[in-house]
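Please load the model in your viewer and keep the selection tool handy. We will go from stop to stop, selecting a few residues each time.

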Amino acid sequence: MNKAALLLIIFLCASKISIAQNGGENIYEFLNLGSSARVAAMGGDQIALSNVDADYAFYNPAALTPDLDQQVALNYVSYLADINYGYASYAKNLKNIGTFALAMHYVNYGKFTAADQLGEITGDFKAADYALFISYGRQINSNFSIGITLKPIYSSLEKYSSFGLASDLSVIYDSSDKLFRASLLARNFGYQIKPYYGSHREDLPNELLIGFSTKLQHAPFRFSLTYRHLEEFDMTYQSDLDKKSDDFSSSSKKNNFADKALKHLILGAEFLPTKNFAVRFGYNFQRRKELSIDEKKSTVGFSWGFGFKLSRFRISYASAKYHLASASNHFSVSTRLSDFNFR
């Protein structure tokens with residue numbers, strides 16, 4: 001209990017010194033591209049889910065438990081504009097020490113045409129990002145668990161490359177009946193060791209999140225909520241051109257308190273008719289607010305998916321609507337190596 005209280009104090013101190021950030025102002029933004037189909041179906045970034053797979057260490061290392069021993073999880077995402085990415089993870093429990101997970105996260109941006117300053121084609125180039133996730137989780141007592149993840153990062157964009165190191169720190173509280181879970185997470189705090197060019201170092205996309213989930217005792221439903229960016233209330237993006245524009249000044253007045261508060265929220269729900277099948281839904285307020293078109297909002301910001309168990313495998317799919325023109329498709333498969341006889 002004392003350890004958990006100390007961890008909460010560290011979180012509160014970190015929120016005081018963290019730098020206010022907006023999308024597009026940081027490097028290594030791919031670290032926020034979660035690939036789990038279950039989490040994606042529930043709006044993304046749900047950090048307080050229970051009954052998770054090994055890949056959930058991406059979102060919350062404190063969720064690593066002995067039940068995940070020898071589990072393997074593979075995720076693949078068909079993202080926007082022919083971008084694809086994935087996440088492969090393996091978990092191992094060490095008795096009286098804790099549960100570890102090792103994972104690789106990659107993003108492939110595809111092939112690009114290279115041209116000189118006159119517009120003449122000179123060839124082509126590729127761009128990709130990689131991060132190794134080394135996670136550890138341990139249960140302190142029947143109610144509290146803690147976790148940490150270290151992320152060595154490598155980014156290659158044409159002839160430019162960069163190295164960095166990020167970390168996550170989290171704490172989970174579970175009610176005695178295990179129906180309610182709350183979590184606090186500090187994500188992507190770190191340092192760019194090697195800049196893309198010169199000595200121009202940039203900020204990582206660090207943030208503080210708090211999440212809650214509850215399963216109804218007498219009904220097959222689980223509900224979850226995440227509040228992102230505790231360290232920054234107003235997440236309205238403002239470019240240098242916007243700062244000089246009267247139109248932006250007038251439109252920013254329309255972003256009232258409720259709009260600013262709701263942009264932080266992600267809502268998710270699971271329908272669990274049996275222990276081997278689930279249907280999931282999610283709603284991301286910021287995605288809906290910033291990426292939809294006023295003339296035709298459609299289902300931007302909504303997500304859905306399902307999961308089932310087939311023999312020794314747990315399989316999930318999700319679709320998340322980012323824009324009227326496209327959506328991301330998430331595929332996840334997990335299994336336990338100890339369930340197979342390799343002799």
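Select S9 and strand S10 (residues 265–274): the two run antiparallel and are joined by seven bridges. Strands here are DSSP runs (E, at least two residues), helices are H or I runs of at least four, and both are numbered from the N terminus; two strands pair if DSSP finds at least two bridges between them. This is a predicted model, in which local features need pLDDT of at least 70 and side-chain atom pairs count only at pLDDT 80 or more, while totals for chains, interfaces and linings use all residues. Residues are numbered from 1 along each chain as its sequence is written, and side-chain values use heavy atoms, with hydrogens and water left out.

Within this pairing, pick Arg222 and look across to Glu270 in S10, which stands opposite. Now add strand S8 (residues 207–215): S8 pairs with S9 (residues 221–227) in the antiparallel sense over six bridges. The connection from S8 to S9 is a hairpin of five residues. Beside it, Lys215 stands opposite Arg222 in S9.

**A charged network**

Keep Arg222 and Glu270 selected and add Arg38 and Arg280: these four are linked in a network of salt bridges. A salt bridge here is a side-chain nitrogen of Lys or Arg within 4 Å of a carboxyl oxygen of Asp or Glu. Side chains of opposite charge can pair when their charged atoms come close.

Centre the view on Arg280, which is found in strand S11 (residues 277–284). Is Arg280 buried or exposed? Arg280 counts as buried because its relative accessible area is 8% (buried means under 20%, exposed over 50% and partly exposed in between, with a 1.4 Å probe and protein chains only). Its side chain makes a polar contact with the side chain of Ser316 at 3.1 Å. That term stands for a pair of N or O atoms within 3.5 Å; within protein, one must be able to donate a hydrogen and the other to accept it, and residues adjacent in sequence count only if both atoms are side-chain atoms. Leaving aside neighbours within four places in sequence, the contacts of Arg280 (heavy atoms within 4.5 Å) include Ala41, Met42, Trp304 and Phe306.

**Three more salt bridges**

The model has 14 salt bridges by this rule. Select Arg314 and Asp53, whose closest N and O atoms are 3.1 Å apart. Arg314 lies in strand S13 and Asp53 in the loop between helix H2 (37–41) and S1, so this pair ties together parts that are 261 residues apart in sequence. Arg314 is partly exposed at 38% relative accessibility, whereas Asp53 is buried at 16%.

Next, select Lys92 and Asp69, a salt bridge with its closest N and O atoms 3.7 Å apart. Lys92 is in strand S2 and Asp69 in the loop between H2 and S1, so the pair ties together parts 23 residues apart in sequence. Lys92 is partly exposed, at 32%.

Then show Glu207 and Arg228, whose side chains meet at 2.7 Å, N to O. Glu207 sits in S8 and Arg228 in the loop between S9 and helix H3 (240–243), 21 residues apart. Both are buried.

**Along the hairpins**

Move to S1 and S2, which run antiparallel and are joined by seven bridges. Leu74 stands opposite Ala88 in S2. Their hairpin has five residues between the strands, and there Ala81 takes a positive phi near 50 degrees.

Continue from S2 to S3: eleven bridges join these antiparallel strands. Tyr90 has Leu102 in S3 as its bridge partner. Three residues separate S2 and S3 in their hairpin, where Asn96 has a positive phi of about 65 degrees.

**Rings and core**

Select Tyr56, Phe58, Tyr59, Tyr87 and Phe133, which form one aromatic cluster. Rings of Phe, Tyr and Trp (its six-membered ring) pair if their centres lie within 6.5 Å; planes under 30 degrees apart count as stacked, over 60 as edge-to-face and the rest as tilted. The count comes to 24 aromatic pairs. One of them, Tyr56 with Tyr59, is tilted, at 5.7 Å centre to centre and 35 degrees between the planes. Tyr56 and Tyr59 are both buried.

Finally, which residues have the most contacts inside the largest nonpolar core? They are Tyr28, Phe30, Leu31, Tyr56, Tyr79 and Ile153, in a core of 37 residues. Such a core is a set of buried Ala, Val, Leu, Ile, Met, Phe, Trp, Tyr and Cys residues joined through side-chain atoms within 4.5 Å.
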